[in-house]
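Biologist: I have the sequence and the fold open side by side, and I would love a guided look inside. Could you pick a buried spot to start from and then take me closely through the packing, the sheets and the open spaces?

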Amino acid sequence: MDDSTGLPAVFEAAQLDEVLFREHLTPSPRPVMNVEYCGAYIADLHTRTSGKISDTGVYSFSDCYVGLGGLVLSQDRKIFDAPDLMSPYWRKLVMEKINSRNVKDPVYRFISNDKTIDIKDFFDDDLVLLVKPGSSVYGHWLLDMLPMIWLYRRSKYFNPNAKFLVSSITPSWVFEVIYSIFGITEDRFVKLSEAVSIAHCRKI
């Protein structure tokens, strides 16, 4: 059992398959200037940041599932967990969603072994996972998803024919930006309606 929630443990540790940048120290962050805007929880996380950046690299998963916010789910219906797969804030929100036992939430239904959940199969192509929290937000694309493409293209797993799994709420300007930087055309993107469906992937 997960003592913090009273629920069966739903997380499974994930390990990097390829390390591109080793763990290193960086100057500690400056204090948050506008605590009222970001909230006490975020301000506290920011303050406690030690300046250490964990190993950065590439994960590879086979025959797995993808849910809301890019949660990667295993065959035994657990959520893969690692510091750069889920931020502490997103992990907290995920646990709150699970604790709410919302029968309309596809991730809760999936880990509860609901057989009626809408599962979309993506078995024709290798996929690069770009579904992340904030898929409609400029800042998240700039700081989260675009660097992921940059890292992937430097990885031993790079496949010039791979397609990219994105949220269905991704704005059209994102594809223009990605094309201008990386030359990746819009036909190489497949969309997941993550609010209602779970993706079943051959390889991500």
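Modeller: Happy to! Let's start with V174, which counts as buried because its relative accessibility is 2%, and the cut-off for buried is under 20%. Please keep in mind that this is a predicted model. V174 is found in helix α6, which spans residues 172–182. To get a sense of scale, pick R101 as a second marker: R101 and V174 are 73 residues apart along the chain, and their C-alpha atoms are separated by 33 Å.

From one buried side chain we can turn to whole groups of them. In soluble globular proteins, nonpolar side chains tend to be buried together. Here the largest nonpolar core has 19 residues, and F61, V66, L165, C201 and I204 are those with the most contacts inside it. Strands β6 (62–66), β10, β12 and β13 (197–203) each supply at least two residues of this core. A second, separate core holds 18 residues, including F11, Y65, L71 and V107.

C201 is a good place to zoom in on the packing. Leaving aside residues up to four places away in sequence, C201 touches S62, D63, C64, V66, F122, F123, L127 and L165. Of these, V66 and L165 also belong to the set with the most contacts inside the largest core.

Now for the strands that help to build that core. β6 and β13 pair in the antiparallel sense over 4 bridges, and along this pairing S62 stands opposite K203 in β13. β6 also runs antiparallel to β7 (residues 72–73), to which 2 bridges join it; here V66 stands opposite V72. The hairpin of β6 and β7 has 5 residues between the strands, and G69 takes a positive phi near 70° in it.

There is also an open sheet of 3 strands, in the order β10-β11-β12, with parallel pairing. β10 (127–129) and β12 (189–192) stand at its edges with a single partner strand each, so one side of each has no neighbour in the sheet. From one strand to the next, the twist averages 35°. β10 and β11 (residues 163–167) pair in the parallel sense over 3 bridges, with L129 standing opposite L165 in β11.

β10 leads us on to the open spaces. The largest pocket contains about 2,000 Å³ of space. Its lining is made by 50 residues, and P83, D84, L85, K132 and D144 lie nearest the centre. α2 (40–48), β4 (52–53), β5 (56–58), α3 (88–99), β10 and α5 (138–152) are the elements that give two or more residues to this lining. α5 gives the most, with 8 residues.

Finally, what about enclosed space? The count comes to 1 cavity of 30 Å³ or more, and the largest cavity has a volume of about 40 Å³. If you would like to find it on your screen, look for its lining residues L68, L71, W90, V94, K97, D105 and V107. You have met two of those names already, since L71 and V107 are included in the second core. α3 gives the most to the lining of the largest cavity, with 3 residues, and α3 is also among the elements that line the largest pocket.

How values were computed: Residues are numbered from 1 along each chain as its sequence is written. This is a predicted model: local features need pLDDT of at least 70, side-chain atom pairs count only at pLDDT 80 or more; totals for chains, interfaces and linings use all residues. Side-chain values use heavy atoms; hydrogens and water are left out. Two strands pair if DSSP finds at least two bridges between them. Axes are lines fitted to C-alpha atoms, for helices over the stretch in contact, and angles run from 0 to 180 degrees between N-to-C directions. A nonpolar core is a set of buried Ala, Val, Leu, Ile, Met, Phe, Trp, Tyr and Cys residues joined through side-chain atoms within 4.5 Å. Buried means under 20% relative accessible area, exposed over 50%, partly exposed in between (1.4 Å probe, protein chains only). Contact means heavy atoms within 4.5 Å. On a 1 Å grid over the protein atoms alone, a cavity is a set of points where a 1.4 Å probe fits but cannot get out, and a pocket is an open set with protein on both sides within 12 Å along at least five of seven lines; lining residues have an atom within 4 Å of a point. Grid points are joined across faces, edges and corners, and a volume is the space filled by probe spheres set on the points.
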